[in-house]
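Hi there,

Here is the structure I promised to pass on to you. Have a look at it first, and my notes on what turned up follow below.

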Amino acid sequence: MGGAQEYGPKCTGMSSCTLMSYGWTSHFPYLSHRHKTERLASTLLGTHRGYSSDQFNIKQVCAFWIMCYCWKRRRLWYLASKIPGPSGYPIFGQALKLTGTNEKCLKFLRNYIKKYYPTVKIWVGSWLWVSVSDPDDVETILKSTKCLGRKFLKDILDHGRAGDGLITLSGDKWAYHRREIMPTFKLSILKNYISIFQTHSFELVNKWSSEANGKEMDIFNVICYYNLHMVCSTIMGVDIDKNNQKLENYLNSIHDLKMFIMDCLRNPCLLILAKISFSTVAKKIKNYSNDLVDFTNFVVSEKISGVKNKILENKPNKEYESKSGNSKLGYLDHLVESLLSGSPVLSEEEIRGETVSTMFAGNPKYFTNPDKFDPDNFSPEKKSTRHPFVFKPFSDGPRVCVGAKYAMFQMKVMLSTILRYYKILPVGKLEDLERLETSISMTPVLGVKIRIILIRNVIEPDFYHLRINC
């Protein structure tokens with residue numbers, strides 16, 4: 001009695017209270033309350049003397065967390081068991097096989113996709129990857145309103161200063177941003193950009209005139225460089241100096257950030273490290289983000305300053321005479337004018353976030369001889385005979401690329417300008433182009449190498465006689 005009186009009321013340990021609540025101590029009727037608890041803990045943990053209640057509590061919490069985790073994911077595991085795919089290692093899944101170069105990992109994934117065609121699952125740690133190749137499945141996913149989230153990208157970019165844009169947003173905010181931005185990519189606006197596309201394309205043609213001797217050269221980086229200048233001059237309405245250091249830093253950081261995002265897909269641990277502010281990973285993200293934000297802030301500030309000056313000078317300009325929301329205004333013009341008019345569709349912070357997002361960015365069953373260069377594969381006759389979702393370079397459904405028509409206009413103007421003056425010759429073998437790596441979009445490991453030969457003197461063309469159907 002004395003023992004029970006001494007120890008019974010002092011049930012202060014969490015383990016004791018928990019065990020008592022389940023009635024487990026009733027198995028030891030000859031022991032006092034405290035002795036019952038210690039005996040049970042000793043039995044469960046495999047310890048005797050020197051037992052630590054704190055240690056026991058930690059194990060309890062861990063066991064409870066694991067049970068909750070398994071219960072929460074039970075449906076995911078059940079559905080995943082119905083999808084064919086390789087069996088992975090416990091905890092790691094296929095993550096250990098995704099180490100190495102980006103090219104090696106992409107080759108590994110492509111082999112599995114071919115092996116388990118048309119649908120394959122791959123576990124990377126606790127992440128489930130599902131690849132679908134059947135056009136009907138692709139259509140279902142792309143058109144679904146339940147697959148609009150971009151939480152993975154948002155988790156990475158949230159650790160920097162890049163802000164939110166169409167790439168990372170979801171839900172009502174994403175729908176609102178998209179609704180406001182879509183009218184700025186109308187065909188009537190894009191036609192006004194043709195002369196600007198041709199001006200920059202002619203600069204590129206002129207730049208190559210000294211190298212048009214059949215010498216091998218990689219055109220991938222230079223095309224990206226001129227593409228960004230076109231985006232700034234048209235969508236942003238700001239001409240950037242070719243020697244702008246912010247532009248150079250932006251291009252380098254965009255490339256590095258895209259490669260880092262793919263590294264995170266292969267190694268989920270990087271996302272954990274990204275949340276630790278003093279880690280090397282977090283510092284990398286911050287540096288990438290700083291370069292992106294510095295350049296886009298410069299572009300937005302230049303545009304705001306230009307619009308303010310025109311208002312102060314009171315110069316008639318059809319581009320700014322309209323009220324906010326006018327369909328004749330370009331992308332950044334529309335957003336900035338609405339901001340300065342006192343009825344902003346987006347705040348200045350949101351405009352900067354959207355500007356970061358905007359500048360960011362063959363199967364033999366469906367194609368005859370897919371490894372052969374055959375433009376007829378995309379003729380109207382052949383396109384009409386196959387599923388429309390066999391080839392979707394700009395995606396489809398609610399997340400379809402807002403700049404799809406813009407990109408087609410830009411590519412056609414640039415190609416028509418280049419081919420007017422040069423003959424393009426291939427370099428290397430077809431197998432070289434099959435060596436790919438992915439950084440959100442797939443790019444050739446060895447670059448895009450060609451040889452060019454001048455076929456006519458470079459004379460500035462008449463910009464007003466170019467017509468393009470898109």
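**Around Trp 208**

Leaving aside residues up to four places away in sequence, Trp 208 touches Met 217, Ile 219, Val 222, Ile 223, Ile 418, Tyr 422 and Ile 452. Please keep in mind that this is a predicted model. Trp 208 also belongs to the largest nonpolar core, which has 50 residues. Together with Phe 295, Tyr 406 and Tyr 422, Trp 208 touches the most other members of that core.

Which elements give two or more residues to this core? They are the helices α10 (187–190), α11 (194–208), α12 (220–234), α13 (245–266), α14 (269–274), α15 (280–313) and α20 (404–421), along with the strand β7 (449–454). Another core, of eleven residues, lies apart from it, and its members include Cys 105, Tyr 112, Tyr 116 and Val 124. As general background, nonpolar side chains tend to be buried together in soluble globular proteins.

**The chain as a whole**

The chain has 21 helices and seven strands. Of its 470 residues, 38% count as buried. The accessible surface comes to about 28,100 Å², and 56% of that belongs to carbon and sulfur atoms.

**A nonpolar patch on the surface**

You may want to look at Tyr 89, Ile 91, Phe 92 and Leu 96, which make a nonpolar surface patch of about 470 Å². Leu 96 sits in the loop between α5 (74–80) and α6 (102–115). Is Leu 96 buried, partly exposed or exposed? Leu 96 counts as partly exposed because its relative accessibility is 46%, and the partly exposed class runs between 20% and 50%.

**Charged pairs**

The count of salt bridges comes to five. In general terms, side chains of opposite charge can pair when their charged atoms come close. Three of the pairs are described here.

- Glu 103 and Arg 435 meet through their side chains in a salt bridge of 2.8 Å, N to O. Glu 103 is partly exposed, since its relative accessible area is 22%, and Arg 435 is also partly exposed, at 35% relative accessibility.
- Lys 143 forms a salt bridge with Glu 139, and the closest N and O atoms are 3.2 Å apart. Lys 143 has a relative accessible area of 45%, so it is partly exposed, while Glu 139 counts as partly exposed at 23%.
- Asp 396 and Lys 392 meet in a salt bridge between their side chains, 2.8 Å from N to O. Lys 392 is partly exposed, with a relative accessible area of 31%.

Asp 396 is placed in the loop between α19 (380–383) and α20. Its side chain makes a polar contact with the side chain of Lys 392, again at 2.8 Å. What else does Asp 396 touch, not counting residues up to four places away in sequence? The answer is Leu 142, Lys 143 and Phe 389. Lys 143 is the residue that forms the salt bridge with Glu 139.

**Back to α20**

One last spot is Arg 420, which is found in helix α20. Arg 420 counts as partly exposed because its relative accessibility is 25%. Where does the chain bring Arg 420 and Ile 455, which are 35 residues apart along it? The C-alpha atoms of Arg 420 and Ile 455 are separated by 8.1 Å. Helix α20 is also one of the elements that give two or more residues to the largest nonpolar core.

Best wishes

How values were computed. Residues numbered from 1 in each chain as written. Predicted model: local features only at pLDDT ≥ 70, side-chain atom pairs only at ≥ 80, totals over all residues. Heavy atoms only, no water. Core = buried A, V, L, I, M, F, W, Y, C linked by side-chain atoms within 4.5 Å. Buried < 20%, exposed > 50% of the residue type's maximum accessible area, 1.4 Å probe, protein only. Helix = DSSP H or I, 4+ residues; strand = E, 2+ residues; numbered from the N terminus. Contact = heavy atoms within 4.5 Å. Patch = residues over 30% accessible without salt bridge, like charges linked within 9 Å, V, L, I, M, F, W, Y side chains within 5 Å. Areas by Shrake-Rupley, 256 points an atom, 1.4 Å probe, with all protein chains shown as cover. Salt bridge = Lys/Arg side-chain N within 4 Å of Asp/Glu carboxyl O. Polar contact = N/O pair within 3.5 Å; in protein donor to acceptor, adjacent residues only side chain to side chain.
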